[in-house]
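Reader: I am new to this structure and should like to know what its descriptive terms rest on. Would you show it and explain them?

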Amino acid sequence: MSTSSPANTTALDPILSADAIAARKPARFALAGKSIVTPILLVLILLAIAVVTTMIGSKPFNQVIIDLFVRVILVVGLYVFIGNSGVMSFGQIGFTCLGAYVAAWLTINPVMKKMSLPGLPDFILKAKMEYWQAAIFATIFAAVAALIFGRILMRLSGIAASIATFAMLAMINTIYSNWDRVTGATSSVVGIPIVRSIWPYFTAAGIVIFIAWLHAISRSGLALRAARDEPTAAAASGIDIPKERLVAFVISGAIMGAGGALTAHSIGVVTPDNFYLSLTFVTLSMLVVGGMGSLTGSVLGVVILSALIQALRFLEAGVPVGGSMLALPKGLQEIALGIIMIVILALRPSGLFGNRELTLTRNRSE
Amino acid sequence: MLQIVFDALSLGSLYALGALGIALIFGVMRLVNFAHGDVIAFSIFALLWPSTDAMAIVFAGNLPWFLLIPFVLAVGAGLSVLCEIVVFRRFRNTNPATMMIASFALGFVIRYFLLMLYSSRPKSISLLPILSQPVEILGARLPLLQLITIIVTIAILFGLVIFLRRTRFGLEMRAAAENFSMARMLGVRANRVIMGAFALSGALAGAIALIFGIQTGTADIQMGAAVMLMAFISTVIGGLGSLAGAVLAGFLLGAASVVMQVILPVDARPFRDAFVYGAVILVLLFRPQGLIAARGTKERV
């Protein structure tokens with residue numbers, strides 16, 4: 001960079017004059033100003049969905065949209081780490097599991113807790129919190145767990161890192177499936193207060209989208225994406241890749257933990273297998289189909305795939321066509337979903353949105 | 001003691017065969033094939049007539065053993081090649097994450113296809129019941145099947161080594177695994193090699209399905225997934241793309257599981273798998289390239 005500066009005709013002196021730096025440095029918040037449109041548009045889309053849902057007022061549809069918002073949180077959480085670092089992680093759902101159980105521990109009625117989970121420490125047994133307080137603790141707990149695991153795992157890269165995160169997920173699942181006095185083992189933990197209003201979920205999804213955006217344009221996020229695209233050059237420019245990955249891993253872990261707490265409150269029941277391979281693959285699919293490298297892709301991937309799943313379920317339940325019911329056979333919904341995903345990926349290998357973001361102006365590619 | 005050794009070897013054999021099936025495809029295509037577990041399940045269900053009853057209606061399973069075994073292997077190989085032609089061919093040259101998700105979606109399709117035809121209930125089948133009888137060797141009573149599993153695995157491994165080292169096709173495959181574009185430039189036909197790899201991998205899936213089916217006496221749609229996870233991990237620990245590494249790591253994982261089952265205190269035994277996964281992370285930390293690093297997978301600048 002410095003060699004092209006007009007102030008250095010010798011090209012050997014790497015130090016720029018203060019004026020030259022000031023001239024080249026973009027104005028403060030220039031990047032933020034340019035890219036803030038994306039999270040705003042995405043939140044507006046979700047807001048539109050939420051408003052339409054309340055206007056329809058149908059209970060099952062309400063639940064569908066709550067699921068959608070929870071998935072948005074989870075997939076954006078995946079995007080923060082996987083999208084920015086380019087390292088495929090299968091383990092993030094492990095933090096969702098941790099978060100969900102923290103929410104369960106803190107919000108279930110103490111009388112019931114003593115019966116079903118007698119192994120919990122005393123202060124947790126006595127605790128009875130509001131759902132949002134529990135969600136904050138779940139977030140913190142998941143973030144701490146992500147910090148501990150991340151310190152170890154972020155030294156790895158490539159496929160070894162992916163498998164190590166997989167091993168982490170399997171480890172968390174094994175522990176939670178067997179530690180019966182604390183987690184109730186594989187039986188469901190019931191009695192978690194259910195939150196039926198969509199607004200808490202919408203608010204959380206909105207906050208998470210803005211956090212993901214803030215991280216992506218932060219110094220650390222930009223460094224991480226530089227390392228994703230050109231690892232060698234980034235390392236040579238002084239980027240500490242494991243550190244930047246760890247930052248993203250912890251933020252992602254925190255978001256996944258919050259998503260877990262909200263999952264627990266949206267269905268009222270948790271079991272370890274809720275947060276294992278199938279959820280991992282559903283959320284990963286949404287991320288990849290939407291486009292791994294873009295926040296827009298991760299949010300709209302969820303919206304599009306969820307809409308598709310609902311449409312197929314609707315067809316499976318049967319549509320009246322001229323007096324007779326036309327229904328798809330059971331199981332065809334999943335098959336169709338799989339085939340559609342393969343077709344989308346075959347036509348657009350980098351996902352529907354690739355690296356592009358939703359903006360008001362012309363799409364710029366990164 | 002001998003019992004432990006044989007348990008470890010037979011469990012390791014299953015993992016090794018699974019790992020080999022994944023490593024073969026990864027070698028030529030850089031594809032981590034998540035559909036492999038579902039190919040395993042499909043191979044065993046091919047023996048049954050489609051029905052949703054709990055009692056399996058045996059169809060091809062009544063064949064005598066010398067027809068039964070080739071039939072299952074052929075089903076596995078056929079399905080695997082079909083997957084290549086219909087799906088994976090379109091994903092060459094895309095990034096690994098996309099391929100991985102595509103293979104997962106394909107596995108999803110196969111699994112739900114089976115579910116639609118056979119329902120999710122595990123079905124009891126008795127294949128070659130003669131193999132479940134115990135035999136006595138050096139004072140230990142072992143199921144005959146365990147012995148056969150180990151012998152068959154070793155035979156398959158030897159066969160594969162000879163195939164890869166001594167035949168022209170094997171040579172082409174090894175060349176492709178090492179440097180695919182260079183091999184193509186030197187006249188190795190890409191489609192043939194890749195299809196060969198898929199066929200071999202599918203046949204291995206068929207072999208696992210047979211062993212598993214005889215061992216447990218049930219056909220379960222989920223059965224592929226359990227082997228797959230460990231096989232997948234062994235492939236990476238062994239060094240992705242390295243066939244010998246995959247086999248070695250498969251046996252090591254099997255041994256680690258069995259040994260931990262024995263030496264862990266009773267309270268900790270349910271958490272056995274957590275220890276195994278912890279060991280996996282440790283191995284990766286010290287040898288991120290895998291135990292036997294394959295040539296050509298090192299990062300280049």
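Author: The exchange below takes up confidence, burial and chain contact in turn. This is a predicted model, in which local features need pLDDT of at least 70, side-chain atom pairs count only at pLDDT 80 or more, and totals for chains, interfaces and linings use all residues. Residues are numbered from 1 along each chain as its sequence is written, while chains are lettered from A and ligands numbered from 1 in the order in which they are written.

Reader: How do you know over which residues of chain A pLDDT stays under 50?

Author: pLDDT is the predictor's confidence in each residue, from 0 to 100. The mean for chain A is 86, and 90% of its residues reach 70 or more. Over residues 1-12 of chain A, however, the value stays under 50. Where pLDDT is low, the predicted coordinates should not be read in detail.

Reader: Why is helix H2 of chain B called largely enclosed?

Author: A residue is buried if 20 or more other C-beta atoms, placed from the backbone, lie within 10 Å of its own. Ten of the ten residues of H2(B), residues 36-45, are buried, so this helix is largely enclosed by the rest of the structure. Its cover includes H1, H3, H4, H8, strand E4 and H9 of chain B. Helices (H or I, at least four residues) and strands (E, at least two) are DSSP runs, numbered from the N terminus.

Reader: What makes residues of chain B count as in contact with chain A?

Author: Contact requires C-beta atoms, placed from the backbone, within 7 Å. Accordingly, 34 residues of chain B are in contact with 34 residues of chain A. H4(B) gives the most to that side of chain B, with 13 residues.

Methods
Contact = placed C-beta atoms within 7 Å. Buried ≥ 20, exposed ≤ 12 C-beta atoms within 10 Å, placed from the backbone.
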